[in-house]
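Please read these notes with the sequence and the structure open beside you. They begin with one residue and then move to the sheets and helices.

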Amino acid sequence: MNTAKTPDGVPNEARWQRSLPARFRHASWHDEVSGNVYDLRSGSTHCLSPLALELLDLLTDGTRGVADLAAELSDIFHSLDDASSSVRAELSKMQRIGLIDTLN
């Protein structure tokens with residue numbers, strides 16, 4: 001297994017999963033391009049990008065790696081210049097708020 005880390009400190013081969021779904025309440029609007037999550041533990045509300053909404057949806061049924069997520073989303077988000085880097089950056093943001101985490 002490749003344990004090299006990227007600048008965000010996440011191993012290249014990390015598998016991602018949703019963290020404690022009962023901790024968060026998720027809402028998206030009819031346009032489905034905007035949404036937010038409310039953290040029941042901290043009381044914080046976080047706005048989610050369209051990419052974050054798609055990632056949450058893809059992680060609902062289990063764990064996935066960056067390459068899998070990027071491949072899936074490259075068809076949905078045609079404007080992503082580099083799907084892997086965009087996905088990795090968004091996953092890092094989502095991890096910082098506790099919405100997702102990596103499996104080790």
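Leaving aside its neighbours within four places in sequence, which residues is Asp39 in contact with?

1. The answer to that question is Arg23, Phe24, Ser44 and Ile97. Keep in mind that this is a predicted model. Asp39 belongs to strand E3.

2. Is Asp39 buried or exposed? Its relative accessible area is 2%. Buried means under 20% relative accessible area, so Asp39 is buried. One of its contacts can be described further: the side chains of Asp39 and Arg23 are joined by a polar contact of 2.6 Å.

3. The strand that holds Asp39 is part of an open sheet of 3 strands, ordered E2-E3-E4, in which the pairing is antiparallel. The edges are taken by strand E2 (24-28) and strand E4 (45-48), and each of these pairs on one side only. From one strand to the next, the twist averages 20°.

4. Within this sheet, 5 bridges link E2 and strand E3 (residues 35-39) in the antiparallel sense. To see the pairing, find Arg25, which stands opposite Tyr38 in E3.

5. A second group of strands should be checked next. Here 3 strands in the order E5-E1-E6 make an open sheet, with antiparallel pairing. Strand E5 (64-65) and strand E6 (100-103) stand at the edges with a single partner strand each, so one side of each has no neighbour in the sheet. A general point helps here: strands of a sheet pair through backbone hydrogen bonds, either parallel or antiparallel.

6. How many bridges pair strand E1 with E6? Strand E1 (residues 15-18) and E6 pair over 4 bridges, in the antiparallel sense. In this pair, Gln17 stands opposite Asp101 in E6.

7. Two helices pack on the sheet that contains E1. Helix H1 (residues 50-59) touches E1, E5 and E6, and its direction makes about 90° with that of E1. Helix H3 (residues 83-96) touches E1 and E6, with its direction at about 105° to that of E6.

8. H1 also has a place on the other group of strands. It lies across E2, E3 and E4, and runs at about 100° to E4. A reader tracing H1 should therefore look at both sets of strands: E1, E5 and E6, and E2, E3 and E4.

9. How do the two helices meet? H1 and H3 pack at an angle of about 80°, and their axes are 10 Å apart. Angles of 65 to 115 degrees count as roughly perpendicular, so H1 is roughly perpendicular to H3. On the H1 side the contact is made by Leu51, Ala52, Leu55, Leu56 and Leu59, and on the H3 side by Ser86, Val87, Glu90, Leu91 and Met94. By type, the residues of this contact are 8 nonpolar, 1 polar and 1 charged.

10. The last residue to inspect is Leu73, which is in helix H2 (residues 66-74). Its relative accessibility is 0%, so Leu73 counts as buried. Leaving aside neighbours within four places in sequence, Leu73 is in contact with Leu51, Glu54, Leu55, Leu58 and Val87. For Leu73 and Leu51, the separation is 22 residues in sequence and 8.4 Å in space, C-alpha to C-alpha. Leu51, Leu55 and Val87 also appear among the residues of the contact between H1 and H3.

Methods: Residues numbered from 1 in each chain as written. Predicted model: local features only at pLDDT ≥ 70, side-chain atom pairs only at ≥ 80, totals over all residues. Heavy atoms only, no water. Pairing = 2+ DSSP bridges. Contact = heavy atoms within 4.5 Å. Axes fitted to C-alpha atoms, helices over the stretch in contact; angles between N-to-C directions. Parallel < 35°, antiparallel > 145°, perpendicular 65-115°, else oblique. Nonpolar A, V, L, I, M, F, W, Y, C, P; charged D, E, K, R; others polar. Buried < 20%, exposed > 50% of the residue type's maximum accessible area, 1.4 Å probe, protein only. Polar contact = N/O pair within 3.5 Å; in protein donor to acceptor, adjacent residues only side chain to side chain.
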